[in-house]
Structures are given as C-alpha cells and as structure tokens.
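Please open the structure in your viewer and keep the selection panel at hand. The tour moves from one selection to the next and says what is there at each stop.

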Amino acid sequence: MPMAASEIERLIREAIPDAEVTIRDLAGDGDHYAAKVVSATFAGMPRVKQHQRVYAALGGRMGGELHALQLETAEPTGDET
Amino acid sequence: MSDAEGRIGEIVKANEVVLFMKGTPLFPQCGFSSRAITILEHLGVPFESVDVLQDPEIRQGIKEYSDWPTIPQLYVKGEFVGGSDIMMEMFKSGELQQLVGAEAS
C-alpha cells in the first residue's frame with residue numbers, strides 16, 4: 001500500500017518539529033520517494049543516528065509499506081543568517 | 001543472542017568490507033543494492049557480499065542487528081556504516097575511501 005508524500009512529511013515533522021522536509025516522488029507512482037530532512041537536532045549526530053531518527057519517525061513503515069525512500073539528512077548550514 | 005545474530009556477527013568480523021544485499025554483485029535485485037555495488041566497485045577494494053534473499057533468517061536478523069530497517073547494509077571492520085544513501089554521501093565527501101583505505105582517485 002503506497003504512502004502519500006504529505007503523510008511521510010507529517011510523520012517526520014511530528015517527531016522532529018524543527019525539521020525542514022523536502023520530498024520528491026521519484027517515479028510518480030507514490031511508492032518511490034527521496035526525502036531531504038534538515039534539522040538543527042542533527043548537529044553532532046553521526047549520519048547513521050540521523051537516519052535512524054527519521055526511520056523511527058516513520059514508525060516501522062520503512063521497509064514495509066514504504067518500500068523506497070532515498071534519504072538525505074543534514075543540519076542547517078546557517079549561511080542564511 | 002539469536003542464531004542469526006551470532007552468524008551475522010561472525011560474518012562482519014571475518015570480512016573487512018561486507019555488504020548485505022538483495023541479489024549478487026553481478027545481478028543485484030534492487031536499485032539500492034545495485035547502487036551500493038557500483039560505489040564499492042568504484043572504490044576498487046575487495047569486498048564480500050551476502051545475498052539476503054537466499055537466507056530469510058539473515059534477511060530478518062540483519063535489520064535487528066543494527067536497528068536498521070532496510071537493505072543494503074555496509075559493514076567495514078566489524079562496524080555498521082550505513083545503507084546506500086549514506087554510502088553515497090560518504091563516497092562524495094571522500095570519507096568512504098578513507099574508511100576502507102582506498103587510493104584517492
């Protein structure tokens with residue numbers, strides 16, 4: 001059962017409130033997504049932990065109803081200020 | 001410790017660079033596994049691969065082993081490195097080359 005992009009974004013923002021979430025539907029089939037998640041809470045956290053936080057936000061759907069989510073995480077660069 | 005956990009532990013200890021994947025390096029069965037293989041081949045270091053599709057116990061066990069829900073999974077020197085997204089990020093930044101001791105290209 002595919003997931004809507006808006007649902008993925010909602011789940012991530014619920015768990016990581018300051019997250020800036022960008023989602024792309026890679027294949028246009030509602031089943032293959034790429035997500036970029038930027039959050040200050042990732043600061044100093046190893047990449048594996050950052051990704052695990054996002055997977056935890058998705059509550060077990062990853063690898064199940066959500067087959068393909070290409071994930072990129074980052075902390076804000078602070079260049080804008 | 002479950003059987004699968006013990007077996008996985010032995011595999012990651014015995015092989016300096018090992019990829020748990022769907023399919024084989026010649027015939028990856030998933031785009032993410034294929035991407036991981038492409039990266040490893042670019043690095044030019046010897047690596048071992050384990051086809052989880054041939055072993056349901058490993059396929060389930062590996063997800064619990066590193067609390068990581070997806071395959072492929074790369075292990076270097078016994079440590080979990082990440083899935084194909086992290087491999088790609090680390091490859092681009094040069095960290096992966098450094099980790100596996102590959103010559104800079």
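Which residues are buried in H4(B)? Select helix H4 (84-93) of chain B: Ser84(B), Asp85(B), Ile86(B), Met87(B) and Met90(B) are the buried ones, where buried means that 20 or more other C-beta atoms, placed from the backbone, lie within 10 Å of a residue's own. Helices here are DSSP runs of H or I with at least four residues, strands are runs of E with at least two, and both are numbered from the N terminus.

Before going on, note that this is a predicted model, in which local features need pLDDT of at least 70 and side-chain atom pairs count only at pLDDT 80 or more, while totals for chains, interfaces and linings use all residues. Residues are numbered from 1 along each chain as its sequence is written, and chains are lettered from A and ligands numbered from 1 in the order in which they are written.

Stay with H4(B) and show its surroundings: the cover over its buried residues includes H2 and E3 of chain A, together with H2, E3, strand E4 (79-82) and H5 of chain B. Just after H4(B) comes Gly94(B), with a positive phi near 90°.

Next, select Ala36(B), which, leaving aside residues up to four places away in sequence, touches Leu19(B), Met21(B), Pro72(B), Leu74(B), Ser84(B) and Met87(B); such a contact requires C-beta atoms, placed from the backbone, within 7 Å of each other. Ala36(B) is also one of the residues that touch the most other members of the largest nonpolar core, which has 26 residues. A nonpolar core is a set of buried Ala, Val, Leu, Ile, Met, Phe, Trp, Tyr and Cys residues joined through C-beta atoms within 7 Å. Strand E1 (17-21) is among the elements of chain B that give two or more residues to this core, and E1(B) supplies the largest share, five residues. Apart from this core lies another, of 15 residues, including Ile16(A), Tyr33(A), Ala35(A) and Leu71(A).

Now colour chain A by element: two helices and three strands follow one another from the N terminus as α-β-β-α-β. Select strand E2 (residues 32-38), whose covered face carries Tyr33(A), Ala35(A) and Val37(A), whereas His32(A), Ala34(A), Lys36(A) and Val38(A) lie on the uncovered one. On one pairing, strand E1 (residues 20-25) runs antiparallel to E2(A) through six bridges, strands being counted as paired if DSSP finds at least two bridges between them. Asp25(A) stands opposite Tyr33(A), and in the turn of this hairpin, which has six residues between its strands, Gly28(A) has a positive phi of about 70°.

The other pairing to display is that of E2(A) with strand E3 (residues 68-74), parallel and joined by seven bridges, where Val37(A) has Thr73(A) as its bridge partner. From E2(A) the chain passes through helix H2 (residues 47-57) to E3(A) in a right-handed β-α-β crossover; that is, with the strands pointing away from the viewer, the path from the first strand over the helix to the second runs clockwise.

Finally, show both chains and select the contacts between them, in which 10 residues of chain A meet nine residues of chain B. On the side of chain A that touches chain B, H2 and E3 of chain A each supply at least two residues, and H2(A) gives the largest share, five.

Definitions and conventions
Buried ≥ 20, exposed ≤ 12 C-beta atoms within 10 Å, placed from the backbone. Contact = placed C-beta atoms within 7 Å.
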